[in-house]
Amino acid sequence: DDHSTDASAEVAAKTISGLPNFRMLSLPTGTAGKKKAITHAIEHARGEIIVTTDADCRLPIHWLLLINDFFHSDQVKMVSGGVRIEGEDRFFSRLQAIESSSLIGTSAATLSIGLPTMCNGANLAFLKSAFISVRGYEGNFEVPSGDDEFLMHKIHRRFPGSIYFLSSPGAVVSTRPQNSLREFIDQRLRWAGKWKHNPSLTARLLAVFILLFQITFPALLIFTVLHKIDLRLALTLTGTKLVLEAIFLFQLGLFLNLRWRTFHFLVLQCCYPFYVILMGLASHFVGYEWKGRKGGP
């Protein structure tokens with residue numbers, strides 16, 4: 001409990017009452033922040049495998065068993081799993097589900113070639129010994145977010161080839177979408193703000209690649225209007241991009257148990273390039289508020 005004000009500590013204490021294999025810890029007075037809270041918990045942990053999730057997540061019944069089975073050798077130091085946005089009852093929620101699935105897919109794809117770039121602390125596990133070996137979050141405590149990715153990069157540098165994606169659909173964690181556009185923007189600004197602190201060259205190159213890839217749509221539109229490029233070529237390139245992304249996201253939807261929605265996919269294709277550019281720029285100039293805490297430039 002990191003000084004939460006939403007009564008979650010009371011709910012947790014009541015839920016685990018009488019269960020000897022559960023303990024709830026409170027962050028000492030005078031300390032604050034998610035990284036401090038996780039570090040405090042790890043210091044008191046008696047097990048070898050540390051598993052993290054978020055308070056707003058729903059966990060599959062065999063989640064911990066599947067994670068435990070994945071640590072089958074000393075080579076495995078960290079495991080990153082899938083996260084699904086559920087509650088697709090609104091248009092905005094469905095867009096968030098598709099966008100979020102693309103991030104999970106990118107994480108899985110880069111991990112499969114031994115180049116970890118991103119992960120999600122809502123479904124993450126690592127060895128306590130690895131955490132201690134890389135000195136945990138030392139050097140990153142001042143950054144409001146990034147507890148998951150900064151730790152991943154430190155473990156990758158210390159133990160190359162030791163991070164894997166938990167590819168079992170039965171280990172996918174579910175979370176809720178952001179309720180409003182303001183909450184969504186604050187969350188994304190918080191996420192984008194950590195990239196300038198990211199020491200990984202691979203992660204930085206990936207961010208540039210994603211930006212350039214998404215810029216192709218508005219660039220082709222502008223060049224076509226200005227008659228700088230042939231219309232048939234522009235349509236061919238745009239169609240190729242749409243097909244490749246549709247295949248990628250459709251496969252992810254099967255893994256995450258998300259219903260495929262063609263209309264929402266096409267809407268996101270039109271909006272996403274501008275969203276990526278605006279969020280990237282705004283993260284350098286605009287602050288945010290997240291769970292009562294302010295952050296940003």
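## Two helices at a steep angle

In this predicted model, helices α4 and α10 lie roughly perpendicular to each other, because their packing angle of about 70° falls in the 65 to 115 degree range that earns that label. Their axes are 10 Å apart.

Which residues make the contact between α4 and α10? On the α4 side you'll find Phe-91, Arg-94, Leu-95, Ile-98 and Glu-99. From α10 come Phe-263, His-264, Phe-265, Val-267, Leu-268, Tyr-272 and Tyr-275. Sort the residues of this contact by class and you get nine nonpolar, one polar and two charged.

## A look along α4

Helix α4 covers residues 91–112, which makes 22 residues. At 1.5 Å a residue, α4 should span 32 Å, and its end C-alpha atoms are indeed 32 Å apart. Just after α4 sits Gly-114, with a positive phi of about 75°.

## α10 has another partner

Helix α10 (residues 262–282) also packs against α9 (residues 231–256), at an angle of about 125° and with the axes 12 Å apart. That angle makes α9 oblique to α10. The crossing of α9 past α10 is right-handed.

Here α9 brings Lys-241, Leu-242, Glu-245, Ala-246 and Leu-249, while α10 offers Phe-265, Leu-266 and Gln-269. By class, that's five nonpolar, one polar and two charged residues.

## How far to trust it

The chain has a mean pLDDT of 86, and 90% of its residues reach 70 or more. Among its elements, strand β5 (residues 124–127) has the highest mean, 97, and strand β9 (residues 293–295) the lowest, 63. Where pLDDT is low, don't read the predicted coordinates in detail.

Definitions and conventions. Residues numbered from 1 in each chain as written. Predicted model: local features only at pLDDT ≥ 70, side-chain atom pairs only at ≥ 80, totals over all residues. Heavy atoms only, no water. Axes fitted to C-alpha atoms, helices over the stretch in contact; angles between N-to-C directions. Helix = DSSP H or I, 4+ residues; strand = E, 2+ residues; numbered from the N terminus. Parallel < 35°, antiparallel > 145°, perpendicular 65-115°, else oblique. Left-handed = near helix turned anticlockwise from the far one by under 90°. Contact = heavy atoms within 4.5 Å. Nonpolar A, V, L, I, M, F, W, Y, C, P; charged D, E, K, R; others polar. pLDDT = per-residue confidence, 0-100. Expected span 1.5 Å × (residues − 1).
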